Amino acid sequence: MSRSPGASAFERTLDRIGTEIVDGGLPAGTVCTVDELIAMAGHSRSVVREATRVLSGMGLLASKAHVGHTVQPSSSWDWLQPRVLRWALASGRRESTLLAIRELRTATEPESARLAAERRSDEDARELRVTSEALRAAAVRQDPTAFLEADLLLHRLIRRAAANPILDRVGDAVDEALRDRVDQLPGDGIDHHDAALHTDLASAIEAQDGERAAATMRVIILRTA
């Protein structure tokens, strides 16, 4: 996975090793010493040790004294970690990961929209309306950066209005899927109907129409397929 030129040695090392694991270059059960990981990443022992600590926290590695770092099976990974999803979307696991994210969104986002409609404050409704208008304006300008920012914010505002911390926990996965969707925009650019659906969603939440909000969210998710 490529990183920006300004990425730190730690970020580059984390991405290098994480990508190798997720893409299968280091299969489950592989045991790596710190020296082997230093040779792979091209950075210092302290940087590699910090990266392996983070990867262990994500479930990608298990460390044992005098043995090394053992690559864990994908069933042990923390799939709600944005970096894990990013590595998977850039790997041979892309299609299966997109399917899993879509299934997660289908299972959770319509309920978040319904709860947001029931629980939203006047300030929530105002912010959703303003953000949906910004999203639609970005679609008119065919500005993918502004569209992504507004799209991410709209979904975060819905999760905030839903006021369910467990549903909110899956939000990072949703954000990663939305970023990926904008990165993969077709040649004809942003679909105005998609933008209009987000305006309808914000309107349904403002009207406290939970069923319409949930139904509109389902359509939005289906269109991302």
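**Reading helix packing and cores**

Q: Let's start small. In which helix is T97 found?
A: T97 is found in helix α5. Keep in mind as we go that this is a predicted model.

Q: And is T97 buried or exposed?
A: T97 is buried, because its relative accessible area is 4%, and the cut-off for buried is under 20%. Not counting residues up to four places away in sequence, T97 touches W79, L85, A88 and L89.

Q: Now to the helix itself. How do I read the packing of α5 and α10?
A: Two packed helices are described by the angle between their axes and by the distance between those axes. Here, the axes of α5 (residues 94-119) and α10 (residues 192-206) come within 7 Å, crossing at roughly 45 degrees. That angle makes α5 oblique to α10.

Q: Which residues of α5 and α10 meet?
A: From α5 come A113, A116 and A117, and they meet L201, A204 and I205 of α10. By class, this contact of α5 with α10 has six nonpolar residues, no polar ones and no charged ones.

Q: What about α6 and α10: at what angle do their axes cross?
A: The axes of α6 (residues 122-141) and α10 cross at roughly 170 degrees and come within 9 Å. Angles over 145 degrees count as roughly antiparallel, so α6 and α10 are roughly antiparallel to each other.

Q: Which residues make up the contact of α6 with α10, and how do they divide by class?
A: On the α6 side are A125, L128, R129, S132, L135, R136, A139 and V140, which meet H192, A195, A196, H198, T199, A202, I205 and E206 in α10. They divide into nine nonpolar, four polar and three charged residues.

Q: Then the interior. How many residues does the largest nonpolar core have?
A: In soluble globular proteins, nonpolar side chains tend to be buried together. In this model the largest nonpolar core has 21 residues, and I21, L55, L60 and W87 have the most contacts inside it. The elements giving two or more residues to this core are α1 (9-22), α2 (34-41), α3 (45-57) and α4 (82-89).

Q: Which residues does L55 touch?
A: Leaving out residues up to four places away in sequence, L55 touches L14, I17, G18, L60, L61 and W87. There is also a second, separate core of 17 residues, which includes A117, A161, L201 and I205.

Q: One last residue: where is T70 found, and which residues is T70 in contact with?
A: T70 is found in strand β3 (residues 68-71). Leaving aside neighbours within four places in sequence, T70 is in contact with G29, T30, V31, L60, L61 and A62.

Methods:
Residues numbered from 1 in each chain as written. Predicted model: local features only at pLDDT ≥ 70, side-chain atom pairs only at ≥ 80, totals over all residues. Heavy atoms only, no water. Helix = DSSP H or I, 4+ residues; strand = E, 2+ residues; numbered from the N terminus. Contact = heavy atoms within 4.5 Å. Axes fitted to C-alpha atoms, helices over the stretch in contact; angles between N-to-C directions. Parallel < 35°, antiparallel > 145°, perpendicular 65-115°, else oblique. Nonpolar A, V, L, I, M, F, W, Y, C, P; charged D, E, K, R; others polar. Buried < 20%, exposed > 50% of the residue type's maximum accessible area, 1.4 Å probe, protein only. Core = buried A, V, L, I, M, F, W, Y, C linked by side-chain atoms within 4.5 Å.
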